[in-house]
Amino acid sequence: MGRHGWNSGARRWRLTALLGVGAAALALVLTLINTLPGDGGSAAGTTRDGDKVHGTPATPPGETRPDVGWGFTHTQFSADEGSGAATRRVAERLGEQPLPQIQHIMGWGADNPEPVKGRYDFEDMDRRIDFVRESGGTPVVTLCCAPDWMKGGKSGTDNTNWSQEALETAPRPEHFDDYAALAATVAKRYPDVRHFIVWNEFKGFWNDAEARWDYEGYTELYNQVYKALKAVNEEIQVGGPYLVMDSLDPRQTEDASRTLKGPWGAMDQRVLDAFDYWNKNKVGADFVVVDGSSYTKDDELLPDEFAATEKFTAVSRWVRERTGDLPLWWAEYYVEPSDADDERDDWSEARRGAVQASGMIAMARGGTTSAFYWNPEKEKGSGCAGCLWTPTDSADGGKPLPMLDLVSRFNKEFPPGTKYEQVSVAAGSASDVRVLADDKAVLVVNTLDRKISTEVDGERLDLGAYEVKWLTR
């Protein structure tokens, strides 16, 4: 979505600076040794056996399901690095209530996986997958982004362009088969990864001439990757198209949908057209992936931050109507607009948690079975608005924050397959609370910045400002 940035956290290969002519000569020799003939670029730090199984894969329990539940995405900084005490603290906390976890293959904490054709560097991916295994989570891989040589850039470990513009460039059509081969290599390296998302937000797939998404190009890439993954293991579950479900100001008419709209705005018809094309022309899919925000493309929360979350219900139902029984995933979802620096820290943590819970309730009501919180972990420091845990740079870091409790509890109480039930809410406060329930638990959210008294499911409740409360039935 651009708004969240990408933050590669990439390691940069550099020869250690040495003093003296002899050291300079040694550096030159090493450079020559690690440079491929022609324009291949440096292959320093790479190997040819990218498809060699890494570590000790976890054994998937029985038949692989296409839905995985409610979890989070690792971003540039995460708990795979930092103080040993802090990273263990996070892993142990996650192990108490394991969550599905997404990792991208390039960017968002992972280096260029194939800087030279046929030469691989999975050091960062290995570390992230190891962390998911250690914490008992279900690993999910997002196949984005692409090595430079697949998209018109230079080959070589020393030539990766980490600018956002470069990273968000799609592979060229003549390299779709190379990208599919890379996807297959990843699947072979991590055989316990059974869920793959193809690409991220149509990055680089825009048709300038027609001012619309290049859905033909994306669908061709998706189909090649889908077939390559299934050739590795039929049990692998593959999904797309990971479109940003942008909505527009309800007063806007250009590009606005005439049918999918509400008080929260109108959907961008170009997005819906792209989704319909993929859905009609895909060779197959085990689940469907979208992402988006409750606010409009212009960062407006309409009519307010809580009512805006109803967009998630409307969009989820629209997708489910078109894809039948395929499980619906939200790979990312946002309820709080960011500032110019992509920071979301204007709200109190209580308000943030209440709106977040309301958004998750709205997705569930629309038929969503899996969704991933974009974890904005900081590299260091004590403050971390909206994070799941405190930064792991110091021994006292890695402490769970309120958002982790919400995501973990939601995943525990409302896993895929949950049958939701209606519960009674006192008439006088029905518009002030959000409720989601099954036969065992009830989630109640106070949407007001003040205390209220109400009755939910026959139980009298006093809720603090923006309080999120769980009831046992």
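## Helix α5 and its surroundings

Helix α5 is mostly covered in this predicted model: of its 14 residues, 11 are buried. The buried residues are F176, D178, Y179, A180, L182, A183, A184, T185, V186, A187 and R189. Among the elements that cover them are two helices, α3 (123–134) and α6 (215–232), and two strands, β3 (138–143) and β4 (195–198).

The length of α5, which runs over residues 176–189, can be checked against expectation. With 1.5 Å allowed for a residue, its 14 residues should span 20 Å, and the C-alpha atoms at its ends are 20 Å apart, so the two values agree.

## Aromatic pairs

Across the whole structure, 27 aromatic pairs are found. One of them joins F312 and W330, with an edge-to-face arrangement in which the ring centres are 5.1 Å apart and the planes meet at 80°. Because F312 belongs to helix α8 (residues 310–323) and W330 to strand β12 (residues 328–334), this pair ties together parts that are 18 residues apart in sequence. Both F312 and W330 are buried.

A further pair is formed by F414 and Y420, and its geometry is tilted: 5.6 Å separates the centres, and the angle between the planes is 55°. The surroundings of these two residues can be stated as well. F414 is buried, with a relative accessible area of 0%, whereas Y420 is partly exposed at 31%.

## A lysine over a ring

An aromatic ring may also have a charged residue over its face. Here K282 lies over the face of W278, at 5.2 Å from the ring centre.

## A salt bridge within one helix

The structure holds 26 salt bridges. One of them connects D130 with R133, whose closest N and O atoms are 3.7 Å apart. Both residues lie in helix α3, and because they are 3 residues apart, about one helical turn separates them. A general rule describes such spacing: an α-helix has 3.6 residues a turn, so residues three or four places apart point the same way.

The two partners fall into separate classes of accessibility. D130 counts as partly exposed, at 33% relative accessibility, while R133 counts as buried at 17%.

## Salt bridges between distant parts of the chain

D276 and R322 form another salt bridge, with 3.5 Å between the closest N and O atoms. This pair links distant parts of the chain, since D276 is in helix α7 (residues 269–281) and R322 is in helix α8, 46 residues apart. D276 is partly exposed at 32% relative accessibility, and R322 is partly exposed with a relative accessible area of 35%.

R351 forms a salt bridge with E305, and the closest N and O atoms of this pair are 3.1 Å apart. Distant parts of the chain are linked here too: R351 lies in helix α9 (residues 349–365) and E305 in the loop between β11 (287–293) and α8, with their positions 46 residues apart in the count given by sequence. R351 counts as partly exposed, at 23% relative accessibility, but E305 is buried, with a relative accessible area of 13%.

## A network of charges

Salt bridges can also share partners. In this way D80, E81, D124, R127 and R128 are joined into one network.

Technical notes:
Residues are numbered from 1 along each chain as its sequence is written. This is a predicted model: local features need pLDDT of at least 70, side-chain atom pairs count only at pLDDT 80 or more; totals for chains, interfaces and linings use all residues. Side-chain values use heavy atoms; hydrogens and water are left out. Rings of Phe, Tyr and Trp (its six-membered ring) pair if their centres lie within 6.5 Å; planes under 30 degrees apart count as stacked, over 60 as edge-to-face and the rest as tilted. Helices (H or I, at least four residues) and strands (E, at least two) are DSSP runs, numbered from the N terminus. Buried means under 20% relative accessible area, exposed over 50%, partly exposed in between (1.4 Å probe, protein chains only). A charge sits over a ring if NZ of Lys or CZ of Arg is within 6 Å of the ring centre and within 35 degrees of the ring normal. The expected span of a helix is 1.5 Å times one less than its number of residues. Contact means heavy atoms within 4.5 Å. A salt bridge is a side-chain nitrogen of Lys or Arg within 4 Å of a carboxyl oxygen of Asp or Glu.
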